[in-house]
Amino acid sequence: MSNSEHISREIQAAYEKEPKRFAVNLGIALVIVALLAWSSSTVEIAASGLDGMKIAIGILNGIFHPDTELLFNPTTQGVGYLLLETVCIAFLGTIVGAVLAVPLAFLSATNIVPKPVAVLFRVFIMAIRTIPAFVYGLMFIRVTGPGAFAGLLTMSLCSIGMLCKMYVEYIEDMDTRILESLDASGCNLFQKIRYGILPQLFPDFVSTIIYRFDINLRDATVLGLVGAGGIGAPLIFAMNSYRWNEVGAILCGLIVLILIIEVISTKIRTKLARG
């Protein structure tokens, strides 16, 4: 008997010895179908009627025929200024959150601090991440009043929760042998941070910050709906007033802005990944 025949018989024997899981897979499939059916029973589809079709046609017509006067308006009421305000809210919120997340992440890493301390700070970070950005926006508007500052505080707090979680994973995956070798060479704490920690964590940290900025840019638009600055408030006002040309101008500006930010952030992350 040739070697190939022997191998094929071993594979066939192993296949025959494999436990039959048809009944288990069938049961799992039935459970999934039952859960989907039960979940769909709570969904109610209201008839949109003619008004809904008119609104949909109005939105599409506004996107393809935007208000050019609003789109190219150089004043504070124009799309350009409102988009710039939205970008500033997202950018500053990301920077503030990224800076504040660094010490919290190191205090939450089990390979840096004792485990009870790490667990305590992880619970604190988890509590921050539990509350949605929309709720934070409503809370800060009550404290600071409507405006860009409320959006900045909201973006900062939301960024801390996500960035801390990602930072902790990077810190715990860090190669500690480099630190041990630097310690054996007589390096002080600053030198170990400079030559042992930062080179390992910097690319991952920057990539995560850029990704969070993309998220904050979209969240800042939504926060404008509750008065936290940015372009969201003019967008909802235009939609409520059925001024679809203005809605189209704002959406066109948002689309262009998101595309530009996406291209820039992708290039930066690619450069970081390639070193």
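Contact here means heavy atoms within 4.5 Å. On that footing, and leaving aside residues up to four places away in sequence, Cys164 touches Ala101, Leu104, Ala105 and Ile125. The model is a predicted one, and Cys164 is a handy place to start reading it, since this residue turns up again below.

Overall, the fold is a helical affair: the secondary structure comes to 12 helices and zero strands, and the pattern along the sequence reads α-α-α-α-α-α-α-α-α-α-α-α. Out of 275 residues in the protein, 31% count as buried. As for how the chain meets itself, 72% of the contacts between residues at least 6 apart in sequence join residues at least 24 apart.

Back to Cys164, then. In the largest nonpolar core, which has 24 residues, Cys164 is among those with the most contacts inside it, together with Tyr167, Ile171, Met174 and Leu201. Five helices each supply at least two residues of this core, namely H5, H6, helix H7 (133–144), H8 and H10. The largest share comes from H8, with eight residues. Apart from this core lies another one of 22 residues, including Leu70, Ala238, Val247 and Ile250. As a general matter, nonpolar side chains in soluble globular proteins tend to be buried together.

Tyr167, one of the well-connected residues of the largest core, also takes part in the aromatic side of the story. The model holds four aromatic pairs in total. In one of them, Tyr167 and Phe205 are stacked, with 3.9 Å centre to centre and 20° between the planes. This pair links distant parts of the chain, as Tyr167 sits in helix H8 and Phe205 in helix H10, 38 residues apart. Both Tyr167 and Phe205 are buried.

Phe205 has a second partner. Tyr170 and Phe205 form a tilted pair, at 6.3 Å centre to centre and 40° between the planes. Tyr170 belongs to helix H8 and Phe205 to helix H10, so this pair ties together parts that are 35 residues apart in sequence. Burial sets the two rings apart: Phe205 has a relative accessible area of 11% and is therefore buried, the cut-off being under 20%. Tyr170, at 22% relative accessibility, counts as partly exposed because its value falls between 20% and 50%. Taken together, Tyr167, Tyr170 and Phe205 form one aromatic cluster.

Where are the pockets? The largest pocket has a volume of about 200 Å³. Its lining draws two or more residues from each of helix H5 (79–108), helix H10 (189–223) and helix H12 (244–274). Named one by one, the lining residues are Phe91, Thr94, Ile95, Val206, Ile209, Ile210, Phe213, Ile261, Ile264, Ser265 and Ile268. By class that makes nine nonpolar, two polar and no charged residues.

The second largest pocket has a volume of about 150 Å³, and Cys164 shows up here once more. Its lining consists of Arg122, Ile125, Met126, Arg129, Cys164, Lys165, Val168 and Glu169. Helix H6 (115–130) and helix H8 (148–172) each give at least two of these residues. The class split of this lining is four nonpolar, no polar and four charged. Ile125, also in this lining, is one of the residues that Cys164 touches.

Terms used
Residues are numbered from 1 along each chain as its sequence is written. This is a predicted model: local features need pLDDT of at least 70, side-chain atom pairs count only at pLDDT 80 or more; totals for chains, interfaces and linings use all residues. Side-chain values use heavy atoms; hydrogens and water are left out. On a 1 Å grid over the protein atoms alone, a cavity is a set of points where a 1.4 Å probe fits but cannot get out, and a pocket is an open set with protein on both sides within 12 Å along at least five of seven lines; lining residues have an atom within 4 Å of a point. Grid points are joined across faces, edges and corners, and a volume is the space filled by probe spheres set on the points. Helices (H or I, at least four residues) and strands (E, at least two) are DSSP runs, numbered from the N terminus. Ala, Val, Leu, Ile, Met, Phe, Trp, Tyr, Cys and Pro count as nonpolar, Asp, Glu, Lys and Arg as charged, and the others, Gly among them, as polar. Rings of Phe, Tyr and Trp (its six-membered ring) pair if their centres lie within 6.5 Å; planes under 30 degrees apart count as stacked, over 60 as edge-to-face and the rest as tilted. Buried means under 20% relative accessible area, exposed over 50%, partly exposed in between (1.4 Å probe, protein chains only). A nonpolar core is a set of buried Ala, Val, Leu, Ile, Met, Phe, Trp, Tyr and Cys residues joined through side-chain atoms within 4.5 Å.
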